[in-house]
Amino acid sequence: MPVDRMRICGPEETRHPLVLELCGRPVRLFQDDGTRLDGRSADQIRPMFMKCGVISHAQGSAYIEMDRTKAICAVYGPREFGKREDFSIKGRLTCEFKFATFSCKIRRQQQQDAEEKEFSQILLQSLSPAVCLKHYCKSTLMDPSASEESELEPEGTSTEEKPAETGLLTVAYMPSLNQLPGMLQTGEMSIATTKQMMKACIDGCNRIYPLIQQTLMKSVERKLKAVNLYNADQEEKVS
């Protein structure tokens, strides 16, 4: 039987190199002294930068940067319902979450995948209580949101075979009403640990809230200054 000498014989079952890289790697979020791997304490927020008005053709937009996490949020609308859409006396909120194609180890596609659609639904559920849709009759809105994450250090098993607790908790928080419209938890944690993480998330959101207010005020002041300069130029031309 002839043999293809140009073909390299490989194993019958293959695995992706990324899977081989991640297999057996211990999940470690904190150092032995209790600080995070980047030197921050357990309750310290990552350095943050915010800027408004980064997308010119959107009704509102913002750029948020926290260490290696970067996000651009934009709001479009209100817009009229399409002819094929169901009638509703209230407005409708739609959210679209999308990773940049270069943001992950595995390159993302241009179209939304299952994970991005799931995040879009979670974002929609978190934002719906914060938007007064009754004031936007027969209209469609797209709106962004901010959330804070809290991480828990994995605990090793002892001689008594104590189960390890590790997980991630993300909450959406409205400081003015002191309400949590959304919460997402992954991992296995006890009720006491979950309460502790929720408290840490709320404390982090309360520390971020003044920064958001300051960024919005600077953006409004900048726009008002530009409007005043434009009006002054128009008056000079008329005179």
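Which backbone oxygen does the side chain of Arg40 reach? In this predicted model, the side chain of Arg40 reaches the backbone oxygen of Gln44, at 2.5 Å. The sections below begin with the overall make-up of the protein and then return to Arg40 and its surroundings.

## Overall make-up

The secondary structure of the protein comes to 3 helices and 8 strands, and these elements follow one another along the sequence in the pattern α-β-β-β-β-α-β-β-β-β-α. Of the 239 residues in the protein, 22% are buried. The exposed surface of the protein comes to about 18600 Å², of which carbon and sulfur atoms supply 54%.

Among the contacts in the protein with a separation of 6 or more, 47% are accounted for by residues that stand 24 or more positions apart.

## Arg40 and Arg46 in the loop before β1

Arg40 lies in the loop between α1 (17–22) and β1 (48–52), and with a relative accessibility of 13% this arginine counts as buried, because the cut-off for burial is under 20%. Not counting residues up to four places away in sequence, Arg40 touches Thr35, Ile45 and Arg46. Arg40 and Phe30 are 10 residues apart along the chain, and their C-alpha atoms are separated by 9.4 Å.

Arg46 is found in the loop between α1 and β1 as well, but at 25% relative accessibility Arg46 counts as partly exposed. Leaving aside neighbours within four places in sequence, Arg46 is in contact with Arg40, Met66, Asp67 and Thr69. With Thr69 there is a polar contact from side chain to side chain, at 3.1 Å, and the C-alpha atoms of Arg46 and Thr69 are 9.7 Å apart in space, although the two residues are 23 residues apart in sequence.

## Backbone features in the loops and in β3

Most residues other than glycine have a negative phi, and most peptide bonds are trans. Against that background, Asp67 has a positive phi, near 60 degrees; this residue is found in the loop between β2 (60–66) and β3, and Asp67 is partly exposed, with a relative accessible area of 38%. Asp67 is also one of the residues in contact with Arg46.

Asn178 has a positive phi too, near 55 degrees, and is found in the loop between β7 (166–174) and β8 (179–188). With a relative accessible area of 54%, Asn178 is exposed. A further feature of the backbone is the cis peptide bond that joins Gly77 and Pro78, where omega is about 0 degrees; Pro78 lies in strand β3, which covers residues 69–80.

## Helix α3

Helix α3 covers residues 191–238, a run of 48 residues, and reaches 69 Å from its first C-alpha to its last, close to the 70 Å expected at 1.5 Å a residue. At Ile208 the helix has a kink of about 25 degrees, which lies shortly before the proline Pro210. The buried residues of α3 are Thr193, Thr194, Met197, Cys201, Gly204, Cys205, Ile208, Thr215 and Ser219, and the residue at the kink, Ile208, is therefore among those with a relative accessible area under 20%.

Which residues are in contact with Thr215, leaving aside its neighbours within four places in sequence? They are Met50, Lys51 and Cys52. Thr215 has its place in helix α3 and is buried, with a relative accessible area of 13%.

## Nonpolar cores

In soluble globular proteins, nonpolar side chains tend to be buried together. The largest nonpolar core here is made up of 7 residues in all, namely Leu169, Val171, Tyr173, Met189, Met197, Cys201 and Cys205. Strand β7 and helix α3 each supply at least two residues of this core. Apart from it lies another core, of 5 residues, among them Cys95, Leu127, Val131 and Leu133.

Tyr173, one of the residues of the largest core, touches Asn178, Gln179, Leu180, Pro181, Ile202, Cys205 and Asn206, not counting residues up to four places away in sequence. Its list of contacts thus includes Asn178, the loop residue with a positive phi, as well as Cys205, which is a buried residue of helix α3.

Methods: Residues are numbered from 1 along each chain as its sequence is written. This is a predicted model: local features need pLDDT of at least 70, side-chain atom pairs count only at pLDDT 80 or more; totals for chains, interfaces and linings use all residues. Side-chain values use heavy atoms; hydrogens and water are left out. Helices (H or I, at least four residues) and strands (E, at least two) are DSSP runs, numbered from the N terminus. The expected span of a helix is 1.5 Å times one less than its number of residues. The bend at a residue is the angle between axes fitted to the seven residues ending there and the seven starting there. Buried means under 20% relative accessible area, exposed over 50%, partly exposed in between (1.4 Å probe, protein chains only). Contact means heavy atoms within 4.5 Å. A polar contact is a pair of N or O atoms within 3.5 Å; within protein, one must be able to donate a hydrogen and the other to accept it, and residues adjacent in sequence count only if both atoms are side-chain atoms. A nonpolar core is a set of buried Ala, Val, Leu, Ile, Met, Phe, Trp, Tyr and Cys residues joined through side-chain atoms within 4.5 Å. Accessible areas come from the Shrake-Rupley method with a 1.4 Å probe; for residues, only the protein chains shown count as cover.
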